[in-house]
Amino acid sequence: MKDFRSDTFTQPTEGMRKAMYLAETGDDVYREDATAEKLQRIAEELTGKEESLIVSSGCMGNLIPLMIKGGRGMEVLCAEEAHIVRHEIGAVSSLAGTLPVAIPSDNGILRPEDVESNIHGYAYDMSETAIIETENTTSGLVYPLSTLRSIKDIAEKHNLWVHLDGARIFNASVESGVPVKDYAATSDDMTFCLSKGLGCPAFSVLSSTKEFIKEARRLRKLLGGGMRQIGIFAAAGIYALENNIARLKEDHEHRAAISEALASTGWADIKISSTNMIFFTSRYPMQNIIKAFRQRGVLFLEDAGMGRIVTSLNVTDQDTEDTVRIIKEIDEKEFLS
Ligand SMILES: Cc1ncc(COP(=O)(O)O)c(C=O)c1O
C-alpha cells in the first residue's frame, strides 16, 4: 500500500530501532534518564529556549501551556482551523478551562490586524485574552516569519503569552530555510512533535523558560504523563533530530509531484499544496474517490470535506512515481459510485 493518510503512520526505521535498543535509561520522573535529558538539551539548542520537557504527545504539548497561562475567565486567540479547536476533543475548554476565540484566518494563518482587534482586556463582565496561539505549519502551510513577528509584537504590547504549536516546525523550517530558532523566538513557549514527519513512535517536546517548564513538569505528572524509562523513546527522538530533518525535503518533493499530477486532472481542485500536505475538493463524492484509489493500493483520508494527501517517510520515490501514474490513468467514471 502507498500510505498518504498521515505522517503519524511512519514506522521507526532500522537505525532508529537500533538506537532505541541501545538507549541508556533511568527513572525519568526522578530525572535519572540520561537519554531523555540529552534529548531535552538538544531541543533547547534547536529552539533557543531555556528549558525543554518531553511530553507524551502533541495534544499534551498544547494542553499544558493552555493550563498554565489560560484558565477560568481567560481566552486563547487562535485560527478557526487550529488543531486545539478542531482535533483535541475540546481539551482547551474541558481541561484547561480556557475559552478558545477562534477567528477567521487565511487557511489557518492569522492576520495580525485580526488578532489585535480580537484582544479583550480586563472588563468586569468579559473573559480576558491571555494567550495567542499560532500553528506552524498549519494544514501544511508555512507562516511567513514577518507575520509571526508582528503577532509577537502585538502580544508584547498587550502583555499576552504566545504559544506556538510547532507540531511540524521542521517541515516549515526545511521549506522556508528559516531556522527553527527564529520561529521559536516569535513565541513564549513552543512544542514540536517527534512522532510525525520525523518518524518516531511517540513524544513531543515542550520548550520555554525554566520557570514555565518547572510548572509544566508538575502538570505533565497531573495529566498522567510522568513516565519512567523513557530513554527508549527519547533515543528515537535524538536519532530523528540527527538524521531525519534534512530528508523532509524529499517528502516535500513527493508532495509537489503528486500535486502537479492532481492539478492536471479535470476532477481535482487543489485548495492547499505545501510542505508535505495536499488538500483538494472534487465534484465527485470524496469517499468514492478514496475508495477507487484504495482499490489501486493508494490510501488517503478525507478531512474537513476535502481529500487530504500527506507525504512522509512512508512514501518512497517509487511510491510517488506509481501514484502519479495512477492519478493520470484513473477513469473518473469510477468515482460515480
Ligand atoms: C498541528 C498539530 N498539533 C498537534 C497535534 C497533536 O499531536 P498528537 O497526535 O501527538 O497528540 C497534531 C496531530 O496531528 C497536529 O497536526
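This report describes selected parts of a predicted model: its nonpolar cores, one enclosed strand, one helix, the residues around the ligand and one exposed site.

**Cores**

The largest nonpolar core has 72 residues, and the members that touch the most others are Ile54, Ala234 and Ala236. Helix α11 (residues 231–243) supplies the largest share of this core, eight residues. Leaving aside residues up to four places away in sequence, Ile54 touches Ala36, Leu39, Gln40, Phe203, Val205, Ile230 and Ala234. Another core, of 18 residues, lies apart from the largest one; Phe4, Leu262, Phe280 and Phe293 are among its members. In soluble globular proteins, nonpolar side chains tend to be buried together.

**Helix α13**

Phe293 also appears in helix α13 (residues 286–295), where Ile289, Ala292 and Phe293 are buried. Seen down the axis of α13, these buried residues fall within an arc of 95 degrees, so they line one face of the helix. The face turned away from the buried side carries Gln287, Arg294 and Gln295, which are exposed. On the buried side, the residues of α13 pack against β11 (298–299) and β13 (306–310). Just after the helix, Gly297 has a positive phi of about 85 degrees.

**Strand β3**

Strand β3 (residues 74–79) is largely enclosed by the rest of the structure, because five of its six residues are buried. Its pairings with β5 and β4 are listed below.

| Strand paired with β3 | Bridges | Direction | A facing pair |
|---|---|---|---|
| β5 (residues 128–135) | four bridges | parallel | Glu75 and Thr129 |
| β4 (residues 99–103) | five bridges | parallel | Cys78 and Ala102 |

**Around the ligand**

The shell around the ligand consists of Thr8, Ser57, Gly58, Cys59, Asn62, His83, Glu135, Asp165, Ala167, Cys193, Ser195 and Ser204. By residue class, three are nonpolar, seven are polar and two are charged. Helix α3 (residues 58–69) contributes the most to this shell, with three residues.

**An exposed site**

Ser117 is in helix α6 (residues 112–117). Is Ser117 buried or exposed? Ser117 has 9 other C-beta atoms within 10 Å. A residue with 12 or fewer such atoms counts as exposed, so Ser117 is exposed. Between Ser117 and Lys328 the separation is 211 residues in sequence and 46 Å in space, C-alpha to C-alpha.

Definitions and conventions: Residues are numbered from 1 along each chain as its sequence is written. This is a predicted model: local features need pLDDT of at least 70, side-chain atom pairs count only at pLDDT 80 or more; totals for chains, interfaces and linings use all residues. A residue is buried if 20 or more other C-beta atoms lie within 10 Å of its own, exposed if 12 or fewer, and partly exposed in between; C-beta atoms are placed from the backbone. Helices (H or I, at least four residues) and strands (E, at least two) are DSSP runs, numbered from the N terminus. The arc is that of the directions from the helix axis to the C-beta atoms. Two residues are in contact if their C-beta atoms, placed from the backbone, lie within 7 Å. A residue is near a molecule or strand if its C-beta atom, placed from the backbone, lies within 6 Å of it. Ala, Val, Leu, Ile, Met, Phe, Trp, Tyr, Cys and Pro count as nonpolar, Asp, Glu, Lys and Arg as charged, and the others, Gly among them, as polar. A nonpolar core is a set of buried Ala, Val, Leu, Ile, Met, Phe, Trp, Tyr and Cys residues joined through C-beta atoms within 7 Å. Two strands pair if DSSP finds at least two bridges between them.
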